[in-house]
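User: Please take a close look at one part of this model, the sheet and what packs on it, and follow the description outward from there. I would like the criteria behind each term stated along the way.

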Amino acid sequence: MSRLVVVSNRLADPRRPAAGGLAVALGDALNRSGGLWFGWSGTVRPQLQPGESRLHQRQAGRVTLATVDLATEDHVAYYQGYSNSVLWPVFHYRLDLADFHSAYLDGYRRVNRMFAARLLPLLRDDDLIWIHDYHLIPLAAELRALGCRQRIGFFLHIPVPPPLLLAALPQHEWLMRAFFAYDLVGLQSEADVGHFRRYMINEANAEDLGAGRLAAFSRELRVGAFPIGMDVQEFERLGRGAEAVQTGEALRAEYARRQLLLGIDRLDYSKGIPQRVRAFRHLLEKYPENRGRSTLIMIASPSRDDVLAYTDLRQELEGLCGAINGDYGDLDWMPLRYIHRIVARRRVPGLCRAARVGLVTPLRDGMNLVAKEYVVSQDAQDPGVLVLSRFAGAAEQLKDALLVNPYDTESMAAAIQTALHMPLEERQQRHARLMESIRQHDVHWWRRSFLQALQEPAA
Ligand code: ADQ
C-alpha cells in the first residue's frame with residue numbers, strides 16, 4: 001500500500017472532532033497508510049524574507065503533520081492576494097471583485113515553489129500525492145520541475161467557471177497549463193467538468209481522448225466529477241450528543257409558537273446572504289400570515305475580514321437585517337436574528353433539527369456541505385425542508401430539495417412559502433430520497449473513489 005501524502009493550504013489534527021468531516025476522512029486514510037499531511041502552519045513571521053520558510057514536523061498518531069510558516073509579504077500576496085482576491089472571486093464568477101495585481105501572482109508562484117522545495121525531501125518513491133484546492137494549483141508543476149515522478153492528484157473544492165471567464169484571468173494560460181502536471185483532477189460537479197474540458201479544448205488546444213482524458217503539452221490528464229460528501233455517521237453521532245440535543249430543545253422551547261428558518265454560512269459574497277434576506281423580506285410582505293410566526297436565524301461566521309469585499313458585505317448585511325427588524329419587528333417578535341459568529345460544530349445538528357426550513361442559497365458554490373448537514377440532522381418522522389440554490393454544486397445531487405434561483409427574489413420567497421406549508425407526507429418522501437443520496441455518496445465514498453481513480457494506470 002502506497003503512503004498517502006495530502007497537501008492543503010491549512011491542515012487540522014485529524015484526531016480532534018472539531019476538525020470536521022473532511023479532516024476526519026483524510027485523517028482516516030492518512031492514519032491507515034502512516035501518511036504525511038503538509039501545508040501552511042497558519043503562522044505569519046515578519047522576520048522571514050519573501051520565499052523563505054521554516055518547517056515544523058509533529059506526529060498526530062501515525063500521521064506526520066509537516067507545516068511551514070509564511071513571510072508577511074508571502075501571506076499578503078499568495079493567500080490574501082492571489083488566492084482570495086483573484087482566484088476565489090473569478091472561480092465564483094465575480095470578475096468585478098477580482099483585484100488583478102501582478103505582485104499577487106508573483107507571490108503565488110513563489111510560495112508554490114517554496115512548498116515544492118520543502119515537500120520534495122520528505123517524499124518517498126511510491127507515495128501517492130493528493131493536493132487540495134485553488135491555493136496550490138501550480139504545486140504539481142513545481143514538484144515535477146524538481147524531478148518528482150510520483151502520481152499526483154488534485155481536488156478543487158470550488159467551482160470552475162465557463163471558459164471565457166477563465167480567459168479573463170491575466171496569465172490564465174500559465175495557470176491552466178499547470179493542471180497538466182497532475183495525473184488526475186477531481187472537480188465537484190459535472191458542470192465544472194464541462195467548463196474545464198471546454199477551456200482545455202478551446203483555449204489550450206487539448207485533444208479529447210474520451211472517458212475524461214485530455215492530452216496537451218506532451219502530457220495526459222484525467223478529469224472527473226467527485227462530488228464531496230459528508231461524514232454521515234460522525235454527524236449523526238454529534239446529533240445525539242448532549243450539546244446538539246440541548247441546543248435543539250432550547251430553540252424549540254423559545255420558538256414554540258413560531259416556525260424557524262435557518263441559514264449557516266461563512267460570511268462570504270458567494271453564499272448569497274443578502275439575497276436570502278431580501279427573499280425573506282418579500283415573504284413577509286407578500287404572505288403576511290408569516291408576520292409574527294416565522295423567524296429567520298442566520299449564523300454567518302467571520303471570514304477573510306482583511307479582504308475589502310468582505311468588509312463591504314458585512315456592512316450591507318447589517319443594514320439589511322436592521323431594516324427588516326425595524327420595519328416588521330414587534331414588541332414580542334423579531335423577524336430575523338443575525339449572528340456574526342461561528343457556532344461550535346457540536347451544536348450545528350441541534351440547530352438544524354429545530355429549523356422547519358433550511359435556507360442554503362449561494363450564488364455559486366463548489367458543493368456546500370451545510371445543505372447535506374441540514375438534511376442529515378432532521379427527524380425522519382417530521383423533517384424540515386431544504387431550500388437549495390440551483391447554483392450550489394450540491395444541487396446536482398440533491399434534486400429533492402426545493403431548488404431556487406437566488407437572484408429571483410419573488411420566486412425564492414414563493415419557494416420558502418411552499419416549504420413552510422409542505423404536507424408531512426411530502427416532507428418525509430423528499431427527506432428519505434435526499435438521505436439515500438447523501439448516505440450513498442458520503443465523504444468516505446468520495447475519498448475512496450478519488451484515490452482509486454488516482455491509482456488506476458493511464459489507459
Ligand atoms: P466552504 O465555502 O467553507 O468550503 P461549506 O461546504 O459551505 O464550505 O461549509 C464547510 C463547513 O463549514 C461545513 O461543515 C459547515 O457546517 C461549516 N460552517 C459553515 N459556516 C459555519 C458557521 N457559521 N458556524 C459553524 N460552522 C460553519 C469550500 C467550498 C464548498 C465545499 C467545501 C468542501 O466553498 O463549496 O462544499 O469547500 O469541499
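Analyst: Helices (H or I, at least four residues) and strands (E, at least two) are taken here as DSSP runs and numbered from the N terminus. The model is a predicted one, in which local features need pLDDT of at least 70 and side-chain atom pairs count only at pLDDT 80 or more, while totals for chains, interfaces and linings use all residues. Residues are numbered from 1 along each chain as its sequence is written, and side-chain values use heavy atoms, with hydrogens and water left out.

The sheet is open and has ten strands, arranged in the order β3-β4-β2-β1-β5-β6-β7-β10-β9-β8 with mixed pairing, where two strands pair if DSSP finds at least two bridges between them. At its edges are β3 (55–60) and β8 (207–210), each of which pairs on one side only. On average, and with direction ignored, neighbouring strands are turned by 25 degrees against each other; the axes are lines fitted to C-alpha atoms, for helices over the stretch in contact, and angles run from 0 to 180 degrees between N-to-C directions.

Within this sheet, β5 (residues 128–132) and β6 (residues 151–155) run parallel and are joined by five bridges, and H132 stands opposite F155 in β6. Helix α7 (residues 190–203) packs on the sheet, where it touches β7 (184–187), β8, β9 (213–216) and β10 (219–225), contact meaning heavy atoms within 4.5 Å. The direction of α7 makes about 155 degrees with that of β10. A further helix, α16 (residues 443–455), lies across β1 (4–7), β5, β6, β7 and β10, and runs at about 125 degrees to β5.

Moving on along the chain, helix α8 (residues 232–240) has V232, E234, F235 and L238 as its buried residues, buried being under 20% relative accessible area, exposed over 50% and partly exposed in between (1.4 Å probe, protein chains only). Seen down the axis of α8, these buried residues fall within an arc of 165 degrees, so they line one face of the helix; the arc is that of the directions from the helix axis to the C-beta atoms. Q233, R237 and R240, on the other side of α8, are exposed.

Leaving aside neighbours within four places in sequence, R439 is in contact with V232 and E236. R439 itself lies in helix α15 (residues 424–440) and is partly exposed, with a relative accessible area of 43%.
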